[in-house]
Amino acid sequence: MGLYESDHPDVPQMKGLHLFHFVMSNCSQRVRIALEEKGVPWTSHHLNLPANEHVTEDYQRINPKGVVPTLVHDGQVVIESNDIIAYLDERFPDPPLHPESAEAREVMEQRIAEASAFQSTIKVLSHELLFRPFRKFGPDDIALFEENHRDPALIEWVRDYAEAGPAWQARVDRAQADLGVVLGRLEEALGDTPWLSGAEYGLADISWIVNLNRLAQAKVDLSAWPRLVDWSARAMARPAFARAVTSYTP
Ligand SMILES: N[C@@H](CCC(=O)N[C@@H](CS)C(=O)NCC(=O)O)C(=O)O
């Protein structure tokens, strides 16, 4: 479950909950919502992604993928946002963020797996529709990634984004095509239940609401998926969403 054996000397000293995150990162928002729903205190380590603060050897000794979020709990590193929220639900059982029945739990896990798979789509759409004015990559930024980031796939992504040529356009086209398919599937899955895994709000809702919020911010027309729009309003009305996303400042 996303556990990582870090050799960073500071990690064993980190007592309680520490979150390495970025204010606008949807994956970080997911973890902040879970922390707020649980009502547990945590220490913030904010990394400014547009300033490339995650592109350091120091941080990659804590998270070998060089991305946010990372949770450190009493010296144990947990990576991957959906694994982190599951970890929090297991370690801090009250209030539970999963349904009781095994059947509904399976549904929840399926929805969460879909949210993980959707990350490449939402990342491209976020950058294309929303972030380009704020996240600019010049030759120095690309060189910094090439020299300091461990993940070749992320370096290639950064080059494509900076170039904004055919390779980037192909990513945007794939993301646009995926969007309709995935939202259609979620709309159908909601049926007449209030939450994504049935009668109770839980991890599947947390996992997805950050993506629907992002699409709304990017002014994507969501009117073809009315149940999803209603569900989004319910999930965004929760106080934990306001604290973790809309009114959160680092
Ligand atoms: N599968 C990972 C994805 C993490 C991820 O891609 N995080 C983004 C922010 S949402 C990031 O750190 N990107 C680094 C970059 O774009 O340079 C998770 O769910 O935690």
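Here a biologist and a modeller talk through a predicted model of a protein with a ligand.

Biologist: Let's start with the overall fold. What makes the protein as compact as a globular protein of its length?

Modeller: The radius of gyration is 18 Å, and the globule rule gives 18 Å for 250 residues. The two values are close, so the protein counts as compact in that sense. The C-alpha atoms fill a box of roughly 50 × 45 × 30 Å along the principal axes.

Biologist: And what is it built from, in helices and strands?

Modeller: There are 11 helices and five strands in the protein. Buried residues account for 36% of the 250. If you take contacts between residues at least 6 apart in sequence, 73% of them join residues at least 24 apart.

Biologist: On to the helices. How do you know whether α1 is roughly parallel or antiparallel to α3?

Modeller: Two packed helices are described by the angle between their axes and the distance between the axes. For α1 and α3 the angle is about 10°, and the axes are 9 Å apart. Angles under 35 degrees count as roughly parallel, so α1 is roughly parallel to α3. From α1, the contact uses C27, R30, V31, A34, L35 and K38, while α3 brings S81, I84, I85 and L88.

Biologist: What is the make-up of that contact by class?

Modeller: Seven residues are nonpolar, one is polar and two are charged.

Biologist: Which helices supply at least two residues each to the shell around the ligand?

Modeller: α1 (26–38) and α3 (81–91) each do that. The shell has 13 residues, and S25, C27, V67, V68 and S81 come nearest to the ligand. Sorted by class, the shell holds six nonpolar, six polar and one charged residues.

Biologist: E80 caught my eye. Why is E80 called buried?

Modeller: The cut-off for buried is 20 or more other C-beta atoms within 10 Å. E80 has 22 of them, so E80 is buried. The residue sits in the loop between β5 (76–79) and α3. Its phi is positive, about 75°, although E80 is not a glycine.

Biologist: A164 has a positive phi too, about 50°, and is not a glycine either. Why does A164 count as partly exposed?

Modeller: Exposed needs 12 or fewer C-beta neighbours, and buried needs 20 or more. A164 has 13 inside 10 Å, so A164 falls in between and counts as partly exposed. You'll find A164 in the loop between α7 (152–163) and α8 (166–190).

Biologist: What about F22: why is F22 classed as it is?

Modeller: F22 has 21 C-beta neighbours inside 10 Å. With the cut-off at 20 or more, F22 is therefore buried. F22 lies in the loop between β2 (17–21) and α1. Leaving aside neighbours within four places in sequence, F22 is in contact with S28, H46, L47, N48, L49 and V68.

Biologist: How far is F22 from T249, in sequence and in space?

Modeller: They are 227 residues apart in sequence, but 10.0 Å apart in space, C-alpha to C-alpha.

Biologist: Last thing, the peptide bonds. What is omega for the cis bond that joins V68 and P69?

Modeller: Omega is about 5° there. P69 is in the loop between α2 (57–60) and β4 (70–73). Going from D94 to P95, the peptide bond is cis as well, with omega near -5°. P95 belongs to the loop between α3 and α4 (102–117).

Conventions:
Residues are numbered from 1 along each chain as its sequence is written. This is a predicted model: local features need pLDDT of at least 70, side-chain atom pairs count only at pLDDT 80 or more; totals for chains, interfaces and linings use all residues. A residue is near a molecule or strand if its C-beta atom, placed from the backbone, lies within 6 Å of it. Helices (H or I, at least four residues) and strands (E, at least two) are DSSP runs, numbered from the N terminus. Ala, Val, Leu, Ile, Met, Phe, Trp, Tyr, Cys and Pro count as nonpolar, Asp, Glu, Lys and Arg as charged, and the others, Gly among them, as polar. Axes are lines fitted to C-alpha atoms, for helices over the stretch in contact, and angles run from 0 to 180 degrees between N-to-C directions. Angles under 35 degrees count as roughly parallel, over 145 as roughly antiparallel, 65 to 115 as roughly perpendicular and the rest as oblique. Two residues are in contact if their C-beta atoms, placed from the backbone, lie within 7 Å. The radius of gyration is taken over C-alpha atoms; the globule rule is 2.2 Å times the number of residues to the power 0.38.
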